[in-house]
Amino acid sequence: MALNEDQPRLGCGRLIDEVWASIDQPPSTHEQTCADCQSARAALHHLVAVTESMRDRDRDNPALQPGHRVKEAIMMVARAEVRRSRRTPLATTPLGTIDISEQALSALIRFAASTLPGVRARRCTVTAPRTIHAPQASQATQGGASATTVVDVEDVRITLTVALSSQVRIPATMELLRERVGTIVQAQTSITMQQIDILVEDLYDL
């Protein structure tokens, strides 16, 4: 193998990258008779086998698996990417309306649920039988016709999916969870939810 212009070349003049590009294909006519290419292909096949073996070993190694905190951080980022969707008006001031997005309300509900020991909040869906369409403030001032859907604050209902510790009593925890979510959301937003449905979809060990 020789070096030329900082790119490794085989004795026959081919780039090692050219051999690598066709490593999954049968040897070409040149490679069938070139000792340099045959040696390079054998070395690259060995490299692929070793890499796959190490990758499979790492995948099954418990010490290399992401911890609970890492998974939760990933899920928080994923949830933050969800579109803000509908808005729920909270108050009207001389300067305009104060509202909260459905995405922010869902985040607050999941936070409230997670403050209860033995509860891990997952998905949250905000529903309201009655919605209205209101013009977006920035576009309304410009004469735009676009509108956004606004949730009726008097009839907000949620469905919350959670995982529970196997150490808690489900009926009692559900009662506490409804109370906790309702209290925190009411204190933070003044919204009194009309219905709180909770679905336990998993149990976990501490």
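How far is the sulfur of Cys34 from the closest cysteine sulfur, and which residue holds that closest sulfur? The gap is 3.7 Å and the partner is Cys12, so the two are too far apart for a bond. Keep in mind that this is a predicted model. The chain has 7 helices and 9 strands, and 29% of its 206 residues count as buried. Among contacts between residues at least 6 apart in sequence, 58% join residues at least 24 apart.

**Cysteines**

- A disulfide is a covalent bond between the sulfur atoms of two cysteines.
- This structure holds 0 of them.
- A pair has to come within 2.5 Å to count as a disulfide, and the sulfur of Cys34 sits 3.7 Å from that of Cys12, so no bond is assigned there.
- Cys34 is tucked away from solvent: its relative accessibility is 9%, so it counts as buried.
- Cys124 is buried too, with a relative accessible area of 13%.

**The three-stranded sheet**

- One open sheet has 3 strands in the order S5-S8-S9, and the pairing is mixed.
- Its edges are strand S5 (119-127) and strand S9 (195-204), each of which pairs on one side only.
- Going from one strand to the next, the twist averages 20°.
- S5 and strand S8 (residues 157-165) run antiparallel and are joined by 7 bridges.
- If you want a residue pair to look for on screen, take Arg120, whose bridge partner in S8 is Ala163.
- Helix H5 (residues 102-114) packs on this sheet, where it touches S5 and S8. The direction of H5 makes about 150° with that of S5.
- H7 packs on the sheet as well, touching S5, S8 and S9. Its direction makes about 130° with that of S9.

**Helix H5**

- The 13 residues of H5 should span 18 Å at 1.5 Å a residue, and the end C-alpha atoms are indeed 18 Å apart.
- Which residues of H5 are buried? They are Glu102, Gln103, Leu105, Ser106, Leu108, Ile109, Arg110, Ala112 and Ala113.
- That list takes in Glu102 and Arg110 along with Leu105, Leu108 and Ile109.

**Helix H7**

- H7 covers residues 170-189, which makes 20 residues. At 1.5 Å a residue they should span 28 Å, and the end C-alpha atoms are 28 Å apart, so expectation and model agree.
- Its buried residues are Thr173, Met174, Leu177, Val181, Ile184, Val185 and Thr189.
- Look down the axis of H7 and those buried residues fall within an arc of 110°, so they line one face of the helix.
- On the other side of H7 you'll find Pro171, Glu175, Glu179 and Ala187, which are exposed.

**Ser190, just past H7**

- Ser190 lies in the loop between H7 and S9.
- What is the phi of Ser190 near? The value is near 70°, which is positive, and the residue is not a glycine.
- For context, most residues other than glycine have a negative phi.
- Is Ser190 buried or exposed? With 56% relative accessibility, Ser190 counts as exposed.
- So Thr189 is among the buried residues of H7, whereas Ser190, just after H7, is exposed.

Notes
Residues numbered from 1 in each chain as written. Predicted model: local features only at pLDDT ≥ 70, side-chain atom pairs only at ≥ 80, totals over all residues. Heavy atoms only, no water. Buried < 20%, exposed > 50% of the residue type's maximum accessible area, 1.4 Å probe, protein only. Helix = DSSP H or I, 4+ residues; strand = E, 2+ residues; numbered from the N terminus. Expected span 1.5 Å × (residues − 1). Arc of directions from axis to C-beta. Pairing = 2+ DSSP bridges. Axes fitted to C-alpha atoms, helices over the stretch in contact; angles between N-to-C directions. Contact = heavy atoms within 4.5 Å.
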